[in-house]
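Q: I would like to learn how to read helices, cavities and single residues from a set of coordinates. Can we work through one example?

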Amino acid sequence: MAHRRTRVLVVGASGFIGRALAERLVRSGSRVTAVSRKRIRIPGAVMRHGDLRNPTFCRSVTRGMDVIHYAAGMRKNIAHHTAAPFDFFRGNLEPLLCFLDALRKSPPRTLVYVSTTLVGYVGNSDGTDDGYLLGKYASELALRAFARETGWTVHIVRSAAVYGPGDGTDPDALTFIPSMIRKIRTNDRELLVWGTGKRRLQFVYIDDLVANLIAIGRKKRGDVFAIGNNQTATVDQVAKMVMEALGKKLPIRHDTGKPDKPSQIIRFTPPVKPRVDLRSGLRRTVTSSTL
Ligand SMILES: NC(=O)c1ccc[n+]([C@@H]2O[C@H](COP(=O)([O-])OP(=O)(O)OC[C@H]3O[C@@H](n4cnc5c(N)ncnc54)[C@H](OP(=O)(O)O)[C@@H]3O)[C@@H](O)[C@H]2O)c1
C-alpha cells in the first residue's frame, strides 16, 4: 500500500522562518500548504493567501492537516516593540486567537508554535515595555488553555535569536546580525558598538531551527522546548566574525555611555543537535545577504 504523505500547514510562510521551514518540508516529501498574506510562491507547496484575523479564511486552511507549524507573528526590533507596545501585543495575539478558534472545529492533531526564549524575561522590569514579548507570552498562555480544552498536541518552541540567509529583508526592522552586517558593509572608518562589547549572546542558525521544528512536529506529547546553539560569543566577537566573513577590518569603538544588557545564557538541549557554528553560519549569511 502506498505511504500517505503527511499533510503539513505552515502559517507565516512569507516570513524568514516559515519560508525556510516550508521549503525544507517540501524537499523532505511532505504535502505542504503554506499560508501568508503576501502573495509569494513556494515551489512544491499549495499557497493560500489571506489574513489570519479572518475566521472564514482560518477555517478554510486548517481542515485536514496532520501537523500545523505556526510561524506567524508581528516582529520588528526592540525600538519598534517598545514604541508601540499595544500594536505588537495585539499583532501577535489576535491572529493566533482567531486561528485557534477555527482549529477547534477540527479533530485534534499537532500544532507547533514558534515562540522566543525572550518570554523568560517578561517578569523583569525591562521586559514589560516590549509589546512583542508580552504578545508572545500571552500567546503561550492561550496555547496552554487551548491544548487543555481541545486535546490538541501543542508544542511551544522557544527559539533563540535566529540568523541565516533570508533574514533582514525589511531595512526598517533589522535585528542584531543583519544590522551588524549592514553597519560593517557601509562604514569605512570604524565600527561603533553600544556598551563594552563584552555581553555574551546566543543564536541559532536557520537550518538548525528548522530541523528541530520538524523533529518536534513528530512528537506525540505536547511540550515546551528551548532551541538554540550552546555556543556563545560576545558582541565584539560577533563583529569580528562578520568582518572576517566580509573580508573587511574596522577598528571597534565602544560607546560606554550606552548601557550594557546582562548576558543571559541558556543551556539548550534541543532534540536535534545544531550543526552550524557561528563562524560558518555568518559566512553563509553574509554571502547571500544584500544588506
Ligand atoms: N527571527 C527570530 O530571530 C525569531 C526568534 C524567536 C522567535 N521568533 C518567532 O518566530 C515567528 C516567525 O518569525 P520570523 O522571523 O519568520 O518573522 P517574519 O519574517 O516577520 O514573518 C512573520 C510572518 O507572519 C505573517 N503574519 C503576521 N501577521 C499575520 C496575519 N495577521 N495574517 C497572516 N499572516 C501574518 C507574515 O505574513 P506577511 O509577511 O505575508 O504579512 C509573515 O509571513 C515570530 O512569531 C517570531 O516571534 C523569531
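**Reading the features one by one**

A: Start at a helix end: D277 caps the N-terminal end of helix 9, with a side-chain oxygen 3.0 Å from the backbone nitrogen of R279. Keep in mind throughout that this is a predicted model.

Q: Which residues of helix 9 are buried?

A: The general idea comes before the list. An α-helix has 3.6 residues a turn, so residues three or four places apart point the same way. In helix 9 the buried residues are L278, S280, G281, L282, T285 and V286.

Q: What do the buried residues of helix 9 pack against?

A: Their partners are two helices and three strands by name: helix 6 (176–186) and helix 8 (235–246), together with strand 7, strand 10 and strand 12.

Q: Is R275, in the loop between strand 13 and helix 9, buried or exposed?

A: The general idea is to compare the relative accessible area with a cut-off, which for exposed is over 50%. R275 is exposed because its relative accessible area is 75%. The loop that holds R275 runs between strand 13 (252–255) and helix 9 (278–288). A separation along the chain can be set beside one in space: R275 and G166 are 109 residues apart in sequence, and their C-alpha atoms are separated by 19 Å.

Q: How is the length of helix 1 to be read?

A: The general idea is to set the span between the end C-alpha atoms against the expected one. Helix 1 covers residues 16–27, twelve residues, and reaches 17 Å from first C-alpha to last, close to the 16 Å expected at 1.5 Å a residue. Just after helix 1, G29 has a positive phi of about 100°.

Q: Which residues of helix 1 are buried, and what covers them?

A: F16, I17, G18, L21, A22 and L25 are the buried residues of helix 1. Their cover includes helix 7 (206–217) and several strands, among them strand 1 (7–11), strand 2 (31–36) and strand 5 (110–116). Strand 4 (67–70) and strand 7 (161–163) are also included in that cover.

Q: How many cavities of 30 Å³ or more are there, and what lines the largest cavity?

A: The general idea is that a probe fits inside a cavity but cannot get out. The count here is one cavity of 30 Å³ or more. The largest cavity holds about 60 Å³ of space. Its lining is made of Y163, Q202, F203, V204, Y205, N229, Q231, V276, D277 and L278. Strand 10 (residues 203–205) gives the largest share of that lining, three residues. By class, six lining residues are nonpolar, three polar and one charged. D277 in this lining is also the cap of helix 9.

Q: Where do Q202, N229 and V204 of that lining sit?

A: Q202 belongs to the loop between strand 9 (200–201) and strand 10. N229 is in the loop between strand 11 (224–227) and strand 12 (233–234). V204 lies in strand 10.

Q: Why do Q202, N229 and V204 count as buried?

A: The cut-off for buried is under 20% relative accessible area. Q202 counts as buried because its relative accessibility is 12%. N229, at 14%, counts as buried too. For V204 the relative accessible area is 0%.

Q: What do the side chains of Q202 and N229 reach?

A: The general idea is to look for polar atoms facing a backbone oxygen. A polar atom of the Q202 side chain lies 2.9 Å from the backbone oxygen of I266. The N229 side chain reaches the backbone oxygen of V276 at 3.3 Å. Beyond its neighbours within four places in sequence, N229 is in contact with residues including Q202, V204, V276 and D277. With the same neighbours left aside, V204 has contacts with residues including Y163, L209, I227 and N229.

Q: What is in the second largest pocket, and which residues lie nearest its centre?

A: A pocket, unlike a cavity, is open. About 400 Å³ of space lies in the second largest pocket. Its lining has 22 residues, and T6, D66, V67, G217 and R218 lie nearest the centre. Strand 4 and helix 7 each supply at least two residues of this lining. By class, the lining has five nonpolar, ten polar and seven charged residues.

Conventions
Residues are numbered from 1 along each chain as its sequence is written. This is a predicted model: local features need pLDDT of at least 70, side-chain atom pairs count only at pLDDT 80 or more; totals for chains, interfaces and linings use all residues. Side-chain values use heavy atoms; hydrogens and water are left out. Helices (H or I, at least four residues) and strands (E, at least two) are DSSP runs, numbered from the N terminus. The expected span of a helix is 1.5 Å times one less than its number of residues. Buried means under 20% relative accessible area, exposed over 50%, partly exposed in between (1.4 Å probe, protein chains only). Contact means heavy atoms within 4.5 Å. On a 1 Å grid over the protein atoms alone, a cavity is a set of points where a 1.4 Å probe fits but cannot get out, and a pocket is an open set with protein on both sides within 12 Å along at least five of seven lines; lining residues have an atom within 4 Å of a point. Grid points are joined across faces, edges and corners, and a volume is the space filled by probe spheres set on the points. Ala, Val, Leu, Ile, Met, Phe, Trp, Tyr, Cys and Pro count as nonpolar, Asp, Glu, Lys and Arg as charged, and the others, Gly among them, as polar. A polar contact is a pair of N or O atoms within 3.5 Å; within protein, one must be able to donate a hydrogen and the other to accept it, and residues adjacent in sequence count only if both atoms are side-chain atoms.
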